[in-house]
Every structure is written in structure tokens, then in C-alpha cells.
Amino acid sequence: MTFKVLIIEDNHSFIDSLKVMLRDLSLDFAQAFRFSDAVALLDKTGVFYNRQTPDKPEDLVASEVEAATSSAKKSKEKAATMAKLYNEGGVFLVIVEQNTESSMKGTDFVAHAVKRYPGLAESDFVILTHRLDAVPQRAHGFPVLEKPLRAAQIRQIVSAKIKQAQDMVDLQERVANERSSPAAKAETAPKPARKGLRDLLKINRSGDAEAAVEAPEKKPVRKPRKTAQAATAKKKPRTTAKK
């Protein structure tokens, strides 16, 4: 996968040199000479990360990846409903010169962009400057590199960002594969409701009633009684012997 890098710099030759330093990495370059042009480009292409909470100085989206992984392990249903973690084609890294414009510094643009685009964090920026003391001293979430740049220095930072972004893509694909697997579909299929004792009694009673309707009770046939005359007729009269 190719990741988009936005370079905000008013020096054309420096942009070309920076591209040469990063030419063998899986990057798609976009450039802007002014901050207003950068905002227009970000509005058009969007940003790569689909973060849920803005203004986070942590390194990349480690917390989002960890939360998504744990939810995928706990329940396949949660993994199925998990929001997409990235937007393909969006800007995943912004390299900005501190003194591109006199009215607005690079650090000011970072603060503005983080508020405007919730998917961006301070760690998604790299500040370039000719003088390190020109950058306000505070706990920044972005690296500050001094010009002239060394290729190994900028490559190390960008390569680490690419790896973290690729890990996010791999995680999303793994979750999608698990969701579409036959085993996951079988687990997420609705199970029949368990029947309680009352339901079982109802089933037994209804079954007995149906059996009674289908097979009506047969009463035993009574044999006719013999009449008294028939009984006396069969008796033979007794004879007494004369002496």
C-alpha cells in the first residue's frame, strides 16, 4: 500500500531533495507552498487515520490499535461492528517548514490542523527549521529536525510511521477476514431461544390434547345379559327315584 505525504515548503529545490531522500519508500507525495494550499488539499483528500478522539499527543494510534485488537479477541460481534481504522488515499504524514510564512509559523499550523481534522495528531507532523531555537520549547508530540537534513535521520522517522500505518491496515484486513470466515458466521448466527419449564409443559399438554382428538376413547362393548327364562330352560328337572 502507498501512503500519502504532504510537504509544506516554499523552496522547490528542497522539496526535490526531500523526495530523493525518500524515493525508495512506498510514498505518494503531495506538496503545498502555502498553508492555505495545504488546507485546501487536506479538505480534498482527507486524512489517513480515522481516530475517534482528537488532540492526542501519543505516538500514532497505538491506543486505537490496542483497543481494536482486544475487542476483536473478546468478541467476534464487536470486531464485526468495529469502525474502519483508516481512509485509503488520505494524508498520513505532514512535513512542514517552520518559517514558510511570516504571519503563521509551522507550529501554529500544526495546532490549527489538529483542531480542524480530528484524524490528525501532533505525532503525524514533522517540523523542519534552520534554527532549533526558533521552535518554541515545550513538550511537542512531533519531531523537530534541523536543516540541512540528513537522509538517514528523516528516513528513520518516515519508515517508522510507514510501519505503524501498515500494521493498522493489516489489522483491519485480519478483522475483515475473521468476520467473513464460515466459523465467524456460525458463531454470530442467532441461536434459538431456550425453552423454560412452562414452555415444555405447554408443549406436552398440547401434544396430549392433539392425541386425544386424533384417537377418541373407545368404550368397551357390554355383553347382553341372559334372561331368566333362558336360564331356567337350560336347567334339567330333577327326578326322584321310587323305592
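Hi everyone, let me start with a working rule: a salt bridge here is a side-chain nitrogen of Lys or Arg within 4 Å of a carboxyl oxygen of Asp or Glu. One pair that fits is Lys-4 and Asp-28, whose side chains meet with N to O at 2.8 Å. Lys-4 belongs to strand β1 (residues 3–8) and Asp-28 to strand β2 (residues 27–32), so this salt bridge ties together parts that are 24 residues apart in sequence.

Before going on, a word on what we have on screen. This is a predicted model, in which local features need pLDDT of at least 70 and side-chain atom pairs count only at pLDDT 80 or more, while totals for chains, interfaces and linings use all residues. Residues are numbered from 1 along each chain as its sequence is written, and side-chain values use heavy atoms, with hydrogens and water left out.

Now the overall layout. The protein chain has nine helices and five strands; helices (H or I, at least four residues) and strands (E, at least two) are DSSP runs, numbered from the N terminus. Read from the N terminus on, the order is β-α-β-α-α-α-β-α-β-β-α-α-α-α. Of its 243 residues, 34% count as buried. For burial, the cut-offs are under 20% relative accessible area for buried, over 50% for exposed, and partly exposed in between, with a 1.4 Å probe and protein chains only. As for contacts, meaning heavy atoms within 4.5 Å, residues 24 or more positions apart make up 70% of those with a separation of 6 or more in the protein chain.

Let's go back to β1 and β2. These two strands run parallel and are joined by six bridges; two strands pair if DSSP finds at least two bridges between them. Along that pairing, Ile-8 stands opposite Ala-32 in β2. With helix α1 (residues 12–21) added, β1 and β2 make a right-handed β-α-β unit. Right-handed means that, with the strands pointing away from the viewer, the path from the first strand over the helix to the second runs clockwise.

And what about the accessibility of the two charged residues we began with? Lys-4 counts as buried at 14% relative accessibility, whereas Asp-28 is partly exposed at 36%.

By the same rule, how many salt bridges does the count come to? It comes to eleven. Another of them joins Glu-122 and Arg-138, at 3.1 Å from N to O. Both ends are in loops: Glu-122 between α5 (106–116) and β4 (125–129), and Arg-138 between β4 and β5 (144–146), so to speak distant parts of the chain, 16 residues apart. Glu-122 is buried, with a relative accessible area of 16%.

For a local example, look at helix α6 (residues 151–180), where Lys-163 and Asp-167 lie four residues apart, about one turn of the helix. Their closest N and O atoms are 3.2 Å apart in a salt bridge. Here Lys-163 is exposed at 54% and Asp-167 partly exposed at 35%.

There is also a network of salt bridges linking Glu-9, Glu-97 and Lys-147. Keep your eye on Lys-147, since the peptide bond from it to Pro-148 is cis, with omega near -5 degrees. Most peptide bonds are trans. Pro-148 has its place in the loop between β5 and α6.

On to the rings. The structure holds six aromatic pairs. Rings of Phe, Tyr and Trp (its six-membered ring) pair if their centres lie within 6.5 Å; planes under 30 degrees apart are stacked, over 60 edge-to-face, and the rest tilted. Phe-3 and Phe-92 have ring centres 5.3 Å apart and planes at 40 degrees, so this pair is tilted. Phe-3 sits in β1 and Phe-92 in strand β3 (residues 91–97), so the pair ties together parts 89 residues apart in sequence. Phe-3 is buried at 1%, and Phe-92 is buried at 0%.

Phe-48 and Tyr-49, in turn, are edge-to-face, 5.0 Å centre to centre with 85 degrees between the planes. Phe-48 is buried at 1% and Tyr-49 at 2%. These four rings join Tyr-86 in one aromatic cluster.

Two charges finish the picture. The charged end of Arg-51 sits over the ring of Tyr-49, 4.6 Å from its centre, and that of Lys-84 sits over the ring of Tyr-86, at 4.9 Å. The rule is NZ of Lys or CZ of Arg within 6 Å of the ring centre and within 35 degrees of the ring normal. Thanks, everyone!
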